[in-house]
Amino acid sequence: MKRVSVDIGGTFTDTFVVWDNQYIEGKALTTHHNLALGFNESLGDACKQLKVDPSLLLSEVDSVRYSTTLGTNALIERKGPRIGVLVTTGFKSTIPLSRARGYGEGLSEPEQMDIPNAKRPQPIVPIPMIREVRERIDYLGQVFWTLDEDDVRLRIRELVDAGAEALVVMFTNSVVNPEHELRVREIFLEEYPAHLLGAIPMLLSHQVAGRKGEYARGTSTIMDAFLHQTMYHGLGTLELNLRAQGYSKPMLVSHNSGGMAQLNSTDALQTVHSGPVSGIAASEHLAAAAELGNVVATDMGGTSFDIGIVDQSGVKHYDFNPVIDRWLVSIPMVHLVTLGAGGGSIARYDRMFGSVELGPESAGSDPGPACYDRGGLKPTVTDADLLLGYLDPKNYANGRIPLNPKRARQAVEDHLCDELDLSVADTAKLIKRNVDAGMANGIATELRTRGYEPKDFTILAYGGNGPLHACGIANALGVSRILAPPFSSTFSACGAANVNQMHIHEMSTWTVLFNPATRGFFNDYDGFNRSVEELERRGREDLLRQGMDEQQIRYRLELDMRYGNQRVQTAVVTELNRLHTQKDVLKLMDQFHESYGARFGAGSQSPETGVRINTIRVCAFVEQPKVAFAKLRLGDKTVAPPSPVVQRDCHFVGHDQPLPTPVYDDQALAEGTRIEGPAIVTTRATTYLVEPGWTYRAAAQGGVWFVKE
Amino acid sequence: MHDNISAEERALLDKFLADNKMFLGPDPEIMRDHTVTPRSAAEEAVLKQGFDTHQAHHIRGLINAALSEAFTMVNQMGAAPGAKWGDLVTAIYTAEGNLAMIAPHGIITFAACAFYPIRFIIKNWVSDPTVGVKDGDGFIHNDARYGGVHNTDQSMMMPLYYKGELICWLSSTIHEGENGACEPGGLPAAAESKYDEGIKMSPFKVVENFQIKRDLVTFLQNSVRDPKLQLEDMKVKLHAVMRLRDRIIAILDQFGREALIATMRMHLEDTETEVRRRIRELPDGTTRVLQFMDSSLRENCMQKISVAITVKGDRMICDFRGTAPQFMNRSVNTNLASFKAALATGLLQNIWPDLPHTMAVLSPIEVITDPNSIIDAEGEMPQAMSLMPLFKACVAWTVPMAKFNYSLPRRYSAIIASQYDQAATFIYGGLTQHGDVTGNFCGDINGMGQGARSHADGEHSVSPVFGFMADSGEHEINEEDTPIIRLGAQRLAKDRVGFGKYRGGMGYEQIATARGSGMWGFMTGCEGSKFPSAQGLFGGYSCPAYQLLKIKGVNIFETLNRDPKAIEVFDILKLMNERPLAGGKYSSNDMGMTFELCDEGEIYMICQGSGGGYGDVLERDPALVMKDIEEDLLSADLAREIYKVVFDERTLVVDEDATRAMRDDYRRQRLQRGKPFDAFCKDWVTAEPPADLPYFGSWDDNRRIYAQNPAINLKVVMNADQLQGFYMPNPKDLQIASLEAQLAKAQAALEACQAAGR
């Protein structure tokens, strides 16, 4: 297999090249003004290691896969077209009012609580660009107010006159009857010549998101329209860049659903957060290939800590209403929780409880932690790590960032030591303990709300600060196995190499499997099966359009089910792709009963109050060859540690006195190397901290186990 | 008569009384005490040895994670609209029933008064051989007289035993809605006595061995209109509390009982210390605000809530004396415990949002009221719509605390005017399109307009006064469950904000009808249709008054089917001013509407209001005025009239010089109108309330309380320490009497004509 996958992040552009049996990682700084430059440099870095000409490589690979932050950046910079929105009469303020809670979406808990300082984000669509149209459809899809076509023409004209560069149509209940939205598009085509249509895209909400919920569907469609242009120009440029270098196949784009598709089959919204989601995809494949069991994927960087869940049984965890930037949207996105805890998180004295609080304020990368010596004056997690002896001031980030311990000490002394009445070392330990505990609590909440126990999981620790804090997090969480995965410094890019071409289609439905009022059971099998078939057809067409073989297409049916009038969305994956008998109906309810009980506790189910399907979702995909991860299971093979490069005194939580700690370099990555903690391994890519009580065991392909015996 | 009894006799009599209680009603000893109890022997034993603050911090994080997990469960599993849109909480209490911590996103008020029923259980059931408290028990409760906001909220409370010792209590509360009251939906404004309020659960055991007792749940289902909801959410709350129990036991296993006891106690004490520290930072003095409720939800009448906050060193005294007396047959009373819980909520939401959500926030603050006032009503008074005074309590802090806080070197949040404080949402009941009987309320309650800040306009529709990150919901999803059709879902209203240098944030118009039900009806429980609800700050305007508008006798669906162009837009002003539905009966009403049936296609309209404005309107940046016009929040006429801005209506370009001149001129007019304070008082102040005004509360002396209702020629002046309740006449009786009088007059005229041979 020959393959290139790329993840363009905020700081680095990572490339992961599969060249038959060789796996090569390339890295370069991201060039925000022209992403192709960073891409070329990163690819060049990999090709240099491989000793292959980039043009030759690109002409021979089966695909180039790409995770982009273009969408995220465009949102941050508010870089996009002026959008006009048509809504159902009576719903003109739904988007600006953002379900009331929109003031706090995407913010930290303390910021959400501080209502007197609440501030909604700058709107993507200003209020004057929203127009109401006379029409209305009810929850079953029955039209009770026919579309006023004159009104449509007038409102479109008003929006175009007001400078709309893209149009969104968001009609109430359009997902159960899209007739009016579709007619608006026809009118638009009638009213405006093709060249104008080409310049002003019109997006219909039911085609962007298939579920009910007018606000979240509206924001999804607006964001899609907003990002569309930027993303297509950006990705188009990259594709041309690839063409110029000899790559002739379509470029594939990673999606936040955990799949990927060609550029022409990708909605802009699907690309947001595709990088971190690719990391989860890599975790999933790694967990299966290396037989890791359940895995919690953790990515600790400079400003944030991402958590994802991989269940060995294949249960997928999605957010159906994820928050992107500051907005709630309605797309199925691989579940990913971001906590505001990273190396840059600022530590402050908590007067009330006489302890240290971390974040939500972050020093970020600019000015960065105090020890970066770039003007940061407040103590951060990285400053604490440096003061505890874990980081080498001259060899941090492969020597790219020199650290100044004096600055770190000064920041800790000035802001914390006096108030806490603790020494610098004890204060730094407190910072580490609290940040690790905070992340552990975040993981515990994530797992337990889904019915899991942390002790049944292996932590996968990647990201710049992951292997440094993994033992501390695991200690607080009660987990005894951590794997710093192979290719951890380019893990998201590696993930992109492992995803399938996949499309998810979903629709809201009113399917009552058991009606408590009539005590009757669902029997409209044809109606249900038609809905499933329609969703399969849409997925199939997506894949066929991209040249996939129909015989290779697989489908996964997921049903969001609930008891009574609950809001809960418990996705049940079922092998029953069609319903034919009452036995099938009962089997479906049993399956729901089981998964609900596993999540919320046996006996918590309420089938007597009715059982309903809210959403039908079909994932259509084609399995594709994956990166072959080596068996990473802990084996008997043991290699003695190399000689330490140096030994220094380090401070550890739970130890009053510093412990002499040997420090190793890349040589410790040799498979089988076993080192008892405390120890530090500093490599080109990251720093592994082996805390007392833990054992470091190097696995194949550069993977590293931390094990607590 | 032998009045002199010895101490021994007294003791014997007291014992007899204690042993022979006829009814274990709400216990004043519990209900009037909002403070954290002194350290228990177990707490003292643990803390006197000292406990590592950093270890406590660590355990606090674990408890928070557990509470958050349980909260998420309830939010996901709950069937009540309140649970779906965030009106719920999970909490942990010490063994003595002190509220220690609540889930980060939980509704503070719910937990802030759920410690009262726990204290009741501890006092009465633990040692009662017919009840008892043991591991695996769960207690249910909803009657606010035993602690709670109102009877629509139901709590599940569970003791946690560890190695045989009661270590703490756990709870989960949801605003359930339907409770079998005389009106559906759980908020019966029509309740004339507590016996109209539906099911009233004093704390009782409904769970044994972690199982809900089917006989009791059947009784409860039989007592409400929505048996499905009753069963479903009882299971939800139980399982959430059981999950919380698992997590707390894991903490006990890992750290030991001492660690948990110490952490909870330190959390309370540290918070109390911090509150005292913050009070000490405030300047000494007294600041005041007068709040008014303008309706009993049955008739319009002014009820005063008098607020004076005094700071002396680290003491803060909130004095509410002078407030209106209780109503004996109106539901807008509240008990003191509920009122204090709302005060705690408002303090956390508006003034010190960074404080932990625990009862220790209010514990060091002294609260003074007149017993038998509308905010300190005794147990027999109906209080189903206690939301009215409770929402006032939530915002009571804003004006007086802004005066204390404004010049402080360190503020803990922004200076803010009052938020709109009415439950402007539709309460509903009847048969759903699926044949289920139901009654509840809409999530629109969660989007109240924010007060303006000293640095910015208020945010539109930001949160309810009682919680943060609450959700006003999605109407497509709501329409699946009920026959309510939103013709106007959430539509920002025009010309209806609290004006100021910074304006209040707006709420939204809600226009509703029903379709597909054999029987459906609405009610609204709001005040502020005559007198503004949200006060401005430092010269900012209050919000305007908002009405309930109805178009009866029409079927909008038939009209739209017949003539799709019959309606231009569903906008309250256009509908009421242009009256496009021929044959419809248009009416404007106050927002206190008891339950009434809505025929298919009839239209009901209300508006979620604005917060108060901040500062002088003449200081508002003209660019912000133009933005308001552009966003259809303000008409050009009002922009000129209120803000004195000169601009081109077509281009919205401001003539800066002309604006400055107009504003200067207006300032001069103000000065000309102005008069010395004493002269103003002489002209303005009257000795008593106007005789034609239904008025309840003090006038200029908080020791003398007025109760006057011209409709029945009532005028009473009472000493504040001897308040009594008042009956209000049935508005229908008054209407009948009025019609009868008219009829008698007409009859007399007719007879006179006949007598005169005409």
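What follows is a walk through a predicted model of two chains, A and B.

Let's begin with chain A as a whole. Its secondary structure adds up to 18 helices and 35 strands. Along the principal axes, the C-alpha trace of chain A covers about 80 × 60 × 55 Å. Is that a compact chain or an extended one? The radius of gyration is 27 Å, and because a compact globule of 709 residues would come out near 27 Å, chain A agrees with the compact case. Of those 709 residues, 57% count as buried. The contacts reach far along the sequence, too: among those in chain A between residues at least 6 apart, 66% join residues at least 24 apart.

There are two ways to carve up chain A. The domain assignment gives domain 1 (2-74 + 231-268), domain 2 (82-212), domain 3 (345-433) and domain 4 (501-622). Notice that domain 1 is written as two segments, 2-74 and 231-268. The centres of domain 1 and domain 3 of chain A, taken over C-alpha atoms, are 36 Å apart. UniProt, in an unreviewed entry, draws its own boundaries: "Hydantoinase/oxoprolinase N-terminal" at residues 3-191 of chain A, and "Hydantoinase A/oxoprolinase" at residues 217-497 of chain A. The 3-191 stretch of chain A is 35% helix and 24% strand, with its end C-alpha atoms 46 Å apart. For residues 217-497 of chain A the figures are 39% helix and 19% strand, and 30 Å between the end C-alpha atoms.

Now zoom in on helix α13 of chain A, residues 405-420. Where does this helix bend? Look at A:Glu413, where α13(A) turns by about 45°. The buried residues of α13(A) are A:Arg407, A:Ala408, A:Arg409, A:Ala411, A:Val412, A:His415 and A:Leu416. It helps to recall that an α-helix has 3.6 residues a turn, so residues three or four places apart point the same way. With that in mind, try tracing A:Ala408, A:Val412 and A:His415 among the buried residues. And what lies over them? The cover on the buried residues of α13(A) includes strands β20 (345-350) and β21 (355-362), along with helices α12 (381-387) and α14 (424-448), of chain A.

Just past the end of α13(A) comes A:Asp421, sitting in the loop between α13 and α14 of chain A. Its phi is near 60°, a positive value in a residue other than glycine. Is A:Asp421 buried or exposed? It counts as exposed, because it has 9 C-beta neighbours inside 10 Å.

Strand β21 of chain A, already met as part of the cover over α13(A), has a backbone feature of its own. A:Pro360 lies in this strand, and the peptide bond from A:Gly359 to A:Pro360 is cis, with omega near 0°. A cis bond also joins A:Gly677 and A:Pro678, with omega about 5°. This time the proline, A:Pro678, is in a loop, between β31 (674-676) and β32 (679-682) of chain A. For context, most residues other than glycine have a negative phi, and most peptide bonds are trans.

Over to chain B, which has 20 helices and 23 strands. Its C-alpha trace spans about 85 × 65 × 65 Å along the principal axes. With 758 residues, a compact globule would have a radius of gyration near 27 Å, and chain B agrees at 27 Å. Buried residues make up 57% of chain B, and 74% of its contacts with a separation of 6 or more are between residues 24 or more positions apart. UniProt's unreviewed entry lists "Hydantoinase B/oxoprolinase" at residues 85-616 of chain B; that span is 25% helix and 24% strand, with its end C-alpha atoms 37 Å apart.

Chain B has a positive phi to look at as well: B:Asn209, near 50°, in the loop between β6 (204-208) and β7 (211-212). B:Asn209 is exposed, because 10 other C-beta atoms lie within 10 Å.

Finally, how do the chains meet? The contact takes 79 residues from chain B and 67 from chain A. On the chain B side, the elements giving two or more residues include α4 (53-77), α8 (227-255), α9 (257-281) and β14 (484-491). The biggest giver there is α4(B), with 13 residues. By type, the chain B side splits into 27 nonpolar, 28 polar and 24 charged residues.

Methods:
Residues numbered from 1 in each chain as written. Chains lettered and ligands numbered in written order. Predicted model: local features only at pLDDT ≥ 70, side-chain atom pairs only at ≥ 80, totals over all residues. Bend = angle between axes of the 7 residues up to and from the residue. Helix = DSSP H or I, 4+ residues; strand = E, 2+ residues; numbered from the N terminus. Buried ≥ 20, exposed ≤ 12 C-beta atoms within 10 Å, placed from the backbone. Contact = placed C-beta atoms within 7 Å. Nonpolar A, V, L, I, M, F, W, Y, C, P; charged D, E, K, R; others polar. UniProt positions renumbered as here; feature names shortened; annotations may be inferred. Domains from an automatic or database assignment. Rg over C-alpha atoms; globule rule 2.2 N^0.38 Å.
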